[in-house]
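Please consider the structure shown below. The questions that follow ask how its descriptions are justified.

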Amino acid sequence: MAGKRRNRRLPDELAVDQASIAMLEKASADGVTGNAFSRADDQGNACKVGLAGVCCRICHMGPCTISDRRPGICGATTDTVAARNLLREVAAGAAAHSGHGRDLALLLKAVSEGRIGNYQIRDEARLRAAARTWGLEEAGRDALPVAGDLADAFLQEFTLQEGKLKSLSLAPEPRQAIWDSLEIAPAGIDVTVVEALHRSNMGTDHDYKNLVRGALKTAVADGWAGSMIATTVADILFGTPKPIRARANLGVLEEEQVNVLVHGHEPALTEILIAASRDPEIVEAARNVGAEGVNLAGICCTANEVLMRHGVPVAGNFLQQELAIITGAVEVMITDVQCCMASLPEVARCYHTKIVTSNPIAKNVDAEPVDFDPSRALECAKEILHKAIANFPNRDPNKVAIPEQQSSLVAGFSNETLFGILGGTYRRSFRPLNDAIISGRIRGICGIVGCTNARGGRMDDYIIRLSREMIARDIIVLQTGCAAVACGKAGLLTPESALELAGPGLREVCEAVGIPPILHMGSCVDNSRILMAATYVVEEGGLGNDLSQLPAIGAAPEWMSEKAVAIGHYFVASGVDVVLGRPFHTSGSESVTQYLCEGLEADVGARFHFISDPEQAVEVICAHIEKKRDALGINKKAERKLFDMKDRRELHV
Ligand code: NFS
Ligand code: SF4
């Protein structure tokens with residue numbers, strides 16, 4: 001690094017899990033020049049203007065640094081610029097999720113036409129249910145033509161020029177009415193992202209509230225359509241997740257095997273890699289180089305996808321991608337799209353590890369591209385595995401140190417599975433969950449999702465503390481993404497240990513119905529599952545008729561990605577408050593920040609809370625949940641009990 005080296009934090013100030021701490025210590029001994037944490041330290045304090053969201057560079061009279069006293073050359077104020085920048089973040093996040101959804105919809109189309117032999121319809125019931133949901137005929141028809149029609153319907157959701165998305169009808173009707181009245185019911189996903197870029201273009205939308213509503217609209221297209229489609233097609237093609245035991249943390253890497261890490265978000269290639277890694281030809285090739293076999297493990301959300309469906313172990317979440325390489329035991333890391341750090345080849349240079357990119361829109365000049373073509377998926381998968389096997393003899397035993405830490409976990413809680421567990425085989429129902437919430441044994445629902453962040457506190461710490469405290473207070477936790485992996489590593493995703501930490505009410509319910517208190521529901525696009533879980537609770541009855549009435553809240557304690565900005569916005573647009581462990585880059589505009597954290601409540605019945613302290617977050621969340629319970633009138637019984645004479649006497653001793 002040129003220039004002066006700033007103070008770097010010590011390994012145990014960066015992470016809570018021992019495996020990560022050990023790898024951070026090992027890094028410098030191995031000559032690794034940097035990692036996300038050290039680069040964060042080297043960056044020093046973030047640029048104040050960027051942090052405040054008041055830097056504008058969307059035209060070439062600028063860049064302009066805007067303040068209350070100094071508008072941009074075009075006259076744009078802090079309000080306009082902060083809101084415009086926020087909208088563009090949401091558009092980028094929505095584009096990422098939806099690009100993933102589109103790729104899968106195209107794959108479904110190709111499968112329906114018999115063009116792609118390595119994939120098939122794995123869950124026909126899910127296909128037929130989805131066809132009915134999106135208004136298609138399925139009864140009495142073969143699966144493949146139904147899949148073709150569904151793929152077409154999904155692809156139309158991307159391109160619909162006018163009117164509104166069919167997918168919106170998945171939401172409770174009062175919510176749809178709110179979107180209509182605020183004019184934030186989106187047309188096609190692509191069209192909406194383009195509109196977001198258009199309206200935030202120089203000299204276009206200057207009304208900050210209108211821009212924020214544009215962000216909500218774009219996010220609705222993401223959550224209820226783009227991400228929803230990604231989840232639905234993945235279930236149809238790869239199987240709907242069911243509870244499955246697996247392991248998480250760097251200890252899942254195997255000293256005696258060829259280690260191949262899958263990293264990114266789109267699971268299509270990885271699905272085939274799983275089969276290929278067990279192919280006798282591959283196993284034989286691995287043995288020929290002295291390995292016992294091929295060990296597949298994952299990083300980030302590709303990991304969550306194959307964890308949920310196949311029990312493939314998770315080596316780590318976002319900030320562990322470099323640390324996994326530092327074990328010295330990874331032959332190949334395959335990246336697809338999103339959240340794969342630019343630094344991977346640089347870190348890999350200190351070891352024998354090969355970084356292989358697999359998507360034509362996500363390359364790295366220092367990595368090896370293998371352009372993945374679904375029509376020759378097995379061939380591609382084998383090519384990659386052979387690369388890894390050939391690389392095994394290059395491993396330097398002196399540089400290998402696989403941490404022993406790995407935790408067992410249970411993942412795979414799709415709604416389809418929850419219906420079965422809660423309602424039994426004959427009656428698909430969320431009833432026991434609603435009853436437990438109404439009776440107060442479960443106080444409410446908290447979705448804890450999102451990334452980990454190299455700036456700020458120790459990796460995973462906020463997520464874990466919040467999750468533990470939620471279940472201790474009888475709040476059931478739904479998780480996805482890197483937050484779920486954080487809890488997995490901390491041992492919170494085994495039913496046994498989580499039950500011990502759960503409050504008495506939550507524990508009783510979980511034991512009775514057979515679910516753990518923290519439910520791992522999948523990858524980040526699977527936040528669509530959380531939207532649907534909340535919707536099913538509304539539909540089950542007894543807890544109001546809109547999502548905004550539920551004693552429910554979302555939290556992204558350590559978020560960093562534009563995708564998280566989009567997710568936060570679709571939850572708020574859906575009527576669910578969202579707690580963020582760090583604020584958006586809008587502090588340069590008081591009006592925008594106030595609208596996000598207060599004003600939106602009047603428009604959509606929900607708002608954002610920026611809370612950097614986990615303990616304060618716990619209090620805010622509990623207060624929010626109790627407020628919603630009060631409004632529903634389901635706290636009455638408990639209040640009467642609280643104030644009976646015996647309790648009163650006890651209060652006075
Ligand atoms: Ni979500 Fe998953 Fe992780 Fe954040 Fe990245 S992997 S898509 S964006 S960092 S949770
Ligand atoms: Fe500056 Fe306005 Fe151009 Fe932005 S759009 S760079 S504020 S002149």
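A salt bridge is a side-chain nitrogen of Lys or Arg within 4 Å of a carboxyl oxygen of Asp or Glu. This is a predicted model, in which local features need pLDDT of at least 70, side-chain atom pairs count only at pLDDT 80 or more, and totals for chains, interfaces and linings use all residues. Residues are numbered from 1 along each chain as its sequence is written, chains are lettered from A and ligands numbered from 1 in the order in which they are written, and side-chain values use heavy atoms, without hydrogens and water.

Q: What makes the contact of arginine 102 with aspartate 190 a salt bridge?
A: Their side chains meet at 2.9 Å, N to O, and the limit is 4 Å.

Q: Why is arginine 102 called partly exposed?
A: Buried means under 20% relative accessible area, exposed over 50%, and partly exposed in between (1.4 Å probe, protein chains only). Arginine 102 has a relative accessible area of 26%, so it is partly exposed.

Q: Why is lysine 109 called buried?
A: The relative accessible area of lysine 109 is 18%, so it counts as buried. Lysine 109 forms a salt bridge with glutamate 113 (3.5 Å, N to O).

Q: Why is the site of the nickel atom of ligand 1 called irregular?
A: Four donors (N, O and S atoms within 2.8 Å of the metal, or 3.2 Å for Na, K and Ca) count as tetrahedral if all angles lie between 85 and 135 degrees, and as square planar if opposite donors are over 155 degrees apart and all others between 65 and 115. Here the angles among the four donor atoms are 89 to 157°, and the site is irregular. The only protein donor is Cys524 (SG), at 2.1 Å.

Notes. Tetrahedral: all angles 85-135°; square planar, octahedral: opposite > 155°, others 65-115°.
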